[in-house]
Each structure stands twice: as C-alpha cells, then as structure tokens.
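Here are some exercises to work through with the model open in your viewer. Try each task before you read its solution.

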Amino acid sequence: MATFVTRSQWGARAPKSVSDNITPAQGGVVVHHVDAVKVAKAHHADCAAQVRGIQNFHMDSNGWSDIAYSHLACVHGYLFQGRGENVRTAAQGTTQGNDDWYAVCALTGGSSSTYDTITTGLIDAVRYGINRLRVSGGAAQAITGHRDHHATACPGNLYSRVLSGEVNPGGGPLPHPGVSFRQPPTFEHASVATWQYRMNSAHGYSLAVDGRYGPGSDSACRGFQSSRGLSVDGIVGPATWGATFAQNQPGPPFSRDVRP
C-alpha cells in the first residue's frame with residue numbers, strides 16, 4: 001500500500017480558488033507524467049520539493065488556481081495529495097476533460113528510449129490514487145492516458161501500463177469504462193481513443209485515434225466481433241471491450257485501413 005502525503009505535509013500553498021463543478025461519473029481518471037525528459041528523484045526526501053515546484057509553476061507561470069492534478073505519485077511509493085477528490089482539475093487540456101475526469105500524475109518522464117524507471121512503488125501509488133478517486137470522489141471505472149484527451153505523448157511509457165490494466169486498482173485487463181460506444185450519431189468519449197489505440201496496436205487496425213466513434217470505428221468493431229465469435233452489432237460493450245483488451249489474442253488476418 002502506498003503512503004499518502006497530505007497537502008500540509010508536503011507544504012502546499014493555499015489554492016486561489018476551488019471549483020466543485022466536476023462530474024467524474026461521466027469520465028474517470030486520466031494518467032499523466034511530468035515531462036518528456038527524466039525527472040524522477042533518486043531520493044524520496046526530494047519529492048516534496050518537486051511537487052512544490054510543480055504547484056508554483058502551475059500557479060505563478062500558468063496562472064491556475066492550484067496544482068493541476070488531483071494526486072501525484074512518486075517512484076518511491078508515495079501519493080501526494082493534489083486538488084483531491086470532488087475538485088475540478090486543470091490537467092487534461094480540454095474543457096470536457098477537466099469537467100469529467102480526475103488526474104493522477106506520475107513524477108516521471110522521458111522518451112520511449114530513455115525513460116525513468118517505472119517502479120512497483122510508482123504503480124502502487126498510481127493505483128492508490130485511482131482507488132481514492134473512485135471510492136471517495138465518485139470517478140467512473142474508465143482509466144485513460146493524457147494522450148487520449150489532447151495531442152501529447154503524455155504519459156509516455158506509462159501508457160502501455162494503462163492499456164494493460166496494470167494501473168487498475170482491481171487488477172486484470174483495463175476495465176470497461178461504463179459507457180457503450182455506438183453510432184449514429186458519432187459518439188465522443190476519451191475512452192473511445194483508448195479503444196482505437198488498442199485496436200491498432202494489438203489487432204492490426206489503422207483507426208484514427210481521435211475519441212470519435214463513427215462509421216469507420218463501427219465497421220472495425222463489427223469485423224473484430226465477427227473474428228472473435230461475438231454478437232456482431234457494432235457496439236463496444238463489456239464483451240467487445242474485454243476481448244479487445246484481453247492479453248495474447250491473435251490479431252485480424254490482415255491490417256485494415258479504417259478511419260473513424
């Protein structure tokens with residue numbers, strides 16, 4: 001179990017304002033990292049100062065009311081309280097993202113070839129943060145990466161841990177987000193982007209990863225459902241989602257270039 005560090009314990013400044021205008025039951029939790037370069041501290045004694053630095057940057061340089069994230073996790077297995085439960089974030093890069101989603105930021109960074117070590121303690125702390133936001137903050141089951149909401153590489157090498165379900169507090173494959181994708185009309189949700197990315201990376205499709213479930217995504221879904229012996233209805237419900245994120249499944253017989 002990760003250790004929780006309250007705002008007073010890490011020396012947080014008081015927020016300029018607090019907004020409870022958030023509807024996390026319509027979204028879930030987004031996983032972030034800090035930067036495209038390595039940032040993890042070798043010693044836990046330095047992590048509180050790092051979090052204070054992030055808060056200062058967000059408040060003084062970005063002009064935000066507080067540190068952007070709901071919670072922050074370090075590689076030593078500690079979870080730092082950010083804005084906390086039932087408070088709107090400023091982390092996702094979109095209005096809807098901040099309205100409907102909490103944010104847990106890993107105090108890591110780097111490129112795909114040179115990334116901070118993703119420790120067991122870090123994963124435990126991220127899981128703990130997501131669990132807190134679900135149990136005390138009313139977050140839906142969905143877990144996405146920042147890249148599913150905004151044009152960014154964030155959360156870097158942690159994104160594969162999101163897709164695998166490793167950061168899910170309940171374990172197992174990434175849980176169904178609690179909303180089923182269907183069209184028409186085109187259905188928009190950040191978890192659609194997570195599903196599209198998985199369809200491309202694990203099953204050989206070439207969907208636009210844009211969070212929009214349109215005719216192309218529907219067609220890909222139907223082909224995938226047929227190949228897995230599922231009911232072919234074009235709806236990404238729990239069964240289709242589970243098959244999409246199941247481990248070690250064969251891909252389609254050939255790659256399909258399908259747009260959303």
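Keep in mind throughout that this is a predicted model.

**Exercise 1. Sort the two partners of a helix salt bridge: is R222 buried, exposed or partly exposed, and what about D218?**

Start with R222: its relative accessibility is 34%. Buried means under 20% and exposed means over 50%, so R222 lands in the partly exposed class. Now take D218, which comes out at 9%. That is under the 20% cut-off, so D218 counts as buried.

Next, look at the pair itself. The side chains of R222 and D218 meet in a salt bridge, with 2.9 Å from N to O. Both sit in helix α7, and because they are four residues apart there, about one helical turn separates them.

**Exercise 2. Describe α7 as a whole: how far does it reach, which residues are buried, and what covers them?**

First the span: α7 has 13 residues and runs 18 Å from first C-alpha to last, close to the 18 Å expected at 1.5 Å a residue. Then the burial: G216, S217, D218, A220, C221, F224 and Q225 are buried in this helix. The cover over those residues includes α6, β8 (212-213) and α8. Finally, step just past the end of α7, where G229 takes a positive phi of about 70°.

**Exercise 3. Do the same for α6: how many of its residues are buried, and which?**

Check the span: with 14 residues, α6 reaches 20 Å between its first and last C-alpha, close to the 20 Å expected at 1.5 Å a residue. Now count: ten of the 14 residues are buried, leaving the helix mostly covered. The buried set is A190, S191, V192, A193, T194, W195, Q196, R198, M199 and H203. A glycine follows here too: just after α6, G204 has a positive phi of about 80°.

**Exercise 4. Find the largest nonpolar core: which residues touch the most other members, and which element gives the most?**

Begin with the members. The core has 42 residues, and V31, L122, V126, I130, L158, V167 and W195 touch the most others in it. Then go by element: two or more residues come from each of β2 (28-35), β5 (101-109), α4 (120-135), α5 (159-164), α6 (190-203), α7 (215-227) and α8 (238-245). The top contributor is α4, with seven residues.

Zoom in on I130. Leaving out residues up to four places away in sequence, I130 touches V29, V31, V104, I143, V167 and P169. Apart from this core lies another one, of 17 residues, including V51, F80, A90 and A91.

**Exercise 5. Go through two more salt bridges: which residue does D60 pair with, and which does R161?**

The structure holds eight salt bridges. D60 pairs with R13, and their closest N and O atoms are 3.1 Å apart. Place both ends: D60 is in helix α2 (residues 47-61), while R13 is in the loop between α1 (7-10) and β2, so the pair links distant parts of the chain, 47 residues apart. For accessibility, D60 is exposed at 51%, whereas R13 is partly exposed at 30%.

Now R161: its partner is E166, with the closest N and O atoms 3.3 Å apart. R161 is partly exposed at 23% relative accessibility, and E166 is partly exposed at 29%.

Methods. Residues numbered from 1 in each chain as written. Heavy atoms only, no water. Core = buried A, V, L, I, M, F, W, Y, C linked by side-chain atoms within 4.5 Å. Buried < 20%, exposed > 50% of the residue type's maximum accessible area, 1.4 Å probe, protein only. Contact = heavy atoms within 4.5 Å. Salt bridge = Lys/Arg side-chain N within 4 Å of Asp/Glu carboxyl O. Expected span 1.5 Å × (residues − 1).
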